[in-house]
Amino acid sequence: MDNSNMAKQYCLSLSMSAGMNIEDVAAENPDAIITEPIDIYEGLSTASAERVAAACGFHDKGLHQAVDTMKKLYELFIKHDATMLEINPMAEDRKGEGDML
């Protein structure tokens, strides 16, 4: 959640920097973080999740699996009234399939 404007704004943040905390990535290389705002009334759209997955290098089957995972995680986030939900890592294997490790 972005608190900079004191308004409730959810966002999806990902980094291609493997094996690092996102806080460390933000401090060392903020351009390596992909952030997509989420409309709190509409939720995470497929188009938004696709933009993020593509920007992270997912393609074909892996892209669709990453989008599906992001949307399910967002539903879990909302269902449990979470303030943050983190997975580390999510990757695409040599077969082009996306997976959380």
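Two residues are said to be in contact when heavy atoms of one lie within 4.5 Å of heavy atoms of the other. With this definition in hand, the reader can follow how the parts of this predicted model meet one another.

The protein chain contains 3 helices and 4 strands. Read from the N terminus on, these elements follow the order β-α-β-α-α-β-β. The chain has 101 residues, and buried residues make up 27% of them. Contacts also connect parts of the chain that lie well separated in sequence: among contacts between residues at least 6 apart, 46% join residues at least 24 apart.

The meeting of helix 2 with helix 3 deserves attention next. Two packed helices are described by the angle between their axes and the distance between the axes. Helix 2 covers residues 46-55 and helix 3 covers residues 60-79; they pack at an angle of about 125 degrees, and their axes are 9 Å apart. Helix 2 is therefore oblique to helix 3, because an angle counts as oblique when it falls outside the ranges for roughly parallel, roughly antiparallel and roughly perpendicular, the last of which runs from 65 to 115 degrees and the antiparallel one from over 145. The crossing of these two helices is right-handed.

Which residues bring helix 2 and helix 3 together? On the side of helix 2 they are Thr46, Ala49, Glu50, Val52, Ala53 and Ala54, and on the side of helix 3 they are Leu63, Ala66, Val67, Met70 and Lys71. By character, the residues of this contact comprise 8 nonpolar, 1 polar and 2 charged.

Charged side chains may also pair with each other. The whole structure holds 2 salt bridges. In one of them, Glu36 pairs with Arg51, and the closest N and O atoms are 2.7 Å apart. This pair links distant parts of the chain, since Glu36 belongs to strand 2 (residues 33-38) and Arg51 to helix 2, with their positions 15 residues apart in the numbering. Are the two partners buried or exposed? Glu36 has a relative accessible area of 12% and is therefore buried, as buried means under 20%. Arg51, at 45% relative accessibility, counts as partly exposed.

The other salt bridge joins Asp68 and Lys72, whose closest N and O atoms are 3.0 Å apart. Because these residues are 4 residues apart in helix 3, about one helical turn separates them. Asp68 is partly exposed, with a relative accessible area of 37%. Lys72 reaches 52% and so counts as exposed, the cut-off for exposed being over 50%.

Further residues of helix 3 can now be placed. Glu75 lies in this helix and is exposed, with a relative accessible area of 55%. Glu75 and Leu44 are 31 residues apart along the chain, and their C-alpha atoms are separated by 8.7 Å.

Asp60 also lies in helix 3. What is notable about its backbone? Asp60 has a positive phi of about 50 degrees, although it is not a glycine. At 58% relative accessibility, Asp60 counts as exposed. Asp81 likewise has a positive phi of about 50 degrees without being a glycine. Asp81 is placed in the loop between helix 3 and strand 3 (90-92). With a relative accessible area of 61%, Asp81 is exposed.

Technical notes:
Residues numbered from 1 in each chain as written. Predicted model: local features only at pLDDT ≥ 70, side-chain atom pairs only at ≥ 80, totals over all residues. Heavy atoms only, no water. Axes fitted to C-alpha atoms, helices over the stretch in contact; angles between N-to-C directions. Parallel < 35°, antiparallel > 145°, perpendicular 65-115°, else oblique. Left-handed = near helix turned anticlockwise from the far one by under 90°. Nonpolar A, V, L, I, M, F, W, Y, C, P; charged D, E, K, R; others polar. Salt bridge = Lys/Arg side-chain N within 4 Å of Asp/Glu carboxyl O. Buried < 20%, exposed > 50% of the residue type's maximum accessible area, 1.4 Å probe, protein only.
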